[in-house]
Amino acid sequence: MNYISTRANYEQVSAAEAIRLGMVPTGGLFVPEKVPTFSQEEIYRMKEDSYQNIAYKILERYLTDYTDEELKDVIRSAYNDTNFDHADIAPIIKLDDKLYILELWHGPTAAFKDMALQLMPHLLIKALAKVKLDKEILILVATSGDTGKAALEGFKDVEGVKIVVFYPQGGVSEVQERQMLTTGGNNTEVIAVEGNFDDCQSVVKDIFGDDHFKELISKNGYQFSSANSINWGRLLPQIIYYFATYAYLLRDGEIKEGDKINISVPTGNFGNILAAYYAYQMGLPVNKFICASNDNKVLTDFFKTGIYDINRDFKQTISPSMDILISSNLERFLFEMTGHDADKINSYYESLNEEGKFAIDEDTKIAINDLFVGEYATEEETQKTITQVFNKFDYTLDTHTAVGVKAYQEYQKEVGDNIVAVIDSTANPYKFSKAVLESLQDIEEENEFKILKELEELTGLEIHRGLQGLEKMEIKHNRSCHSKEIREEIKEILEIE
Ligand SMILES: *Cc1c(COP(=O)(O)O)cnc(C)c1O
């Protein structure tokens, strides 16, 4: 299996090489040249499998340059009972006959990013051995809050790797910030950036394409890679839980073989929902994908109009991990939906670069609308959904998951297909305690760590282990800079001129 660029501007590479490079050095993203498929029988048989076995079946199809032993090894290192506190790894919770929540936050950092970032570092280490690189890897991560901590945990003290995380100052929750700033390890750096997530992400992407800068750090013994979902190694593990979801629903008798499901995904960079789409291409019976956004609803508008337009104000919301205007992985999706038409992709992204928008052609739009629906939730709707679900089902949603539930409800209002729906729960509610508690009762408390305790008293839900005692942990990072100074900051960290 080889990987090709969405912009047809680079040679084909192996999986190990795609994972090492992170993104296509000349711009564009790596995608599998041909998506492997399972027969329906193979998919139904997964109901007998553990999460780890399903993981193996999927990784094996994509990572053909890794040995069986290597794959088993990375799966064992990632999906075990030290890292995850549930035997299903990603359990599904039934709210009612048609509505299920897929809990993706049972890993160490309480957000769904762990699903991929507990595995990916092991893939990268093995990739480095394969391509015999004599350089140290420098991972640059732009985060809207959750990727940062998950990547820091995944790469902490990994030999041959240094990781630098950039987050928007004031653009993440206090808990998210504290999680990052208290990370140990002798190879980790965390930097608060003046600017929003898009600023952080675009500088990091720029750096990956900056030959001059790459040469400079190369001379000093480093080579860049990425732990953002622009890296195929980040996306691939996310395909696993969609197959596991279907298998668990079958196993538990909630659906019959062949039943299609709807999947609603709270979306930011379009990585998670893209993984669901790849699962569908591989044969997973899906009826509709509901792409859920908050007030930064570029994607909702895109699915309705066929125009992707970022000429608008960036809004800070209570679901900050989705505060994104430029959803990087949409590029991969469009490449797939246009039948691998790199010319179209090049023209779309040139237009995005120059005018901040692009329009897709009518045929592509029709094909997309056949499968995808875009819905969004305002801040008020998000909080109301948290209240409603708590009162009705005694289940506590985080703000992102609430956006996913609201989008699903909107979809049902419009279409009413009454098909079993799975909503991705992308974060544990304690990660965004303030907004969650505020939805459930009036609060006066300002201190986010005290709010955690109040939320626990109200809901009876145990505080996620990754967030317990956070306020007492030592702060280990205090760097900050303007988004324009990120290159200088990197040089300083590496102690190069
Ligand atoms: C990252 C994140 C998202 C967005 O996921 P994408 O793959 O970027 O679309 C949604 N919710 C939470 C809690 C996240 O951490």
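Colleague: Let's start with one residue: does D210 count as buried or exposed?

Modeller: Keep in mind that this is a predicted model. The way to read burial is to check relative accessibility against a cut-off, and buried means under 20%. D210 has 18% relative accessibility, so D210 counts as buried.

Colleague: Where does D210 lie, and which side chain does D210 join in a polar contact?

Modeller: D210 lies in the loop between helix 9 (197-208) and helix 10 (211-219). Its side chain and that of R487 are joined by a polar contact of 2.9 Å.

Colleague: Okay, zooming out. How should I read the overall build of the chain?

Modeller: Begin with the elements, then turn to the dimensions. The protein chain has 21 helices and 15 strands. Its radius of gyration is 21 Å, close to the 23 Å that the globule rule gives for 497 residues, so the chain is as compact as a globular protein of that length. Along the principal axes, the C-alpha atoms fill a box of roughly 60 × 50 × 50 Å.

Colleague: How much of the chain is buried, and what share of the contacts links residues 24 or more positions apart?

Modeller: Buried residues are 62% of the 497. Of the contacts with a separation of 6 or more, 74% are between residues 24 or more positions apart. As for the surface, the chain exposes about 18,600 Å², and carbon and sulfur atoms supply 43% of that.

Colleague: And the nonpolar core? How do I read that?

Modeller: Here's the general idea: in soluble globular proteins, nonpolar side chains tend to be buried together. In this model, the largest nonpolar core has 119 residues, and I239 and F243 have the most contacts inside it. Helix 11 (residues 232-251) gives the largest share of this core, 14 residues. Apart from that core lies another, of 36 residues, including A377, Y411, Y430 and I463.

Colleague: Which residues is F243 in contact with, leaving aside its neighbours within four places in sequence?

Modeller: F243 is in contact with F38, I43, M46, I54, I58, A279, M282 and L284.

Colleague: Last one, the ligand. How many residues surround it, and which are the closest?

Modeller: There are 15 around the ligand, and the closest are K113, D146, G268, N269 and T426. Next, look at the polar atoms. A side-chain N or O atom of K113 is 2.6 Å from a ligand oxygen. The backbone takes part as well: a polar backbone atom of N269 is 2.7 Å from an oxygen of the ligand, and for a backbone N or O atom of G268 the distance to a ligand oxygen is 2.8 Å. Taken alone, the ligand exposes 380 Å², and the protein buries 98% of that.

Terms used: Residues numbered from 1 in each chain as written. Predicted model: local features only at pLDDT ≥ 70, side-chain atom pairs only at ≥ 80, totals over all residues. Heavy atoms only, no water. Core = buried A, V, L, I, M, F, W, Y, C linked by side-chain atoms within 4.5 Å. Buried < 20%, exposed > 50% of the residue type's maximum accessible area, 1.4 Å probe, protein only. Helix = DSSP H or I, 4+ residues; strand = E, 2+ residues; numbered from the N terminus. Contact = heavy atoms within 4.5 Å. Near = heavy atom within 4 Å. Polar contact = N/O pair within 3.5 Å; in protein donor to acceptor, adjacent residues only side chain to side chain. Areas by Shrake-Rupley, 256 points an atom, 1.4 Å probe, with all protein chains shown as cover. Rg over C-alpha atoms; globule rule 2.2 N^0.38 Å.
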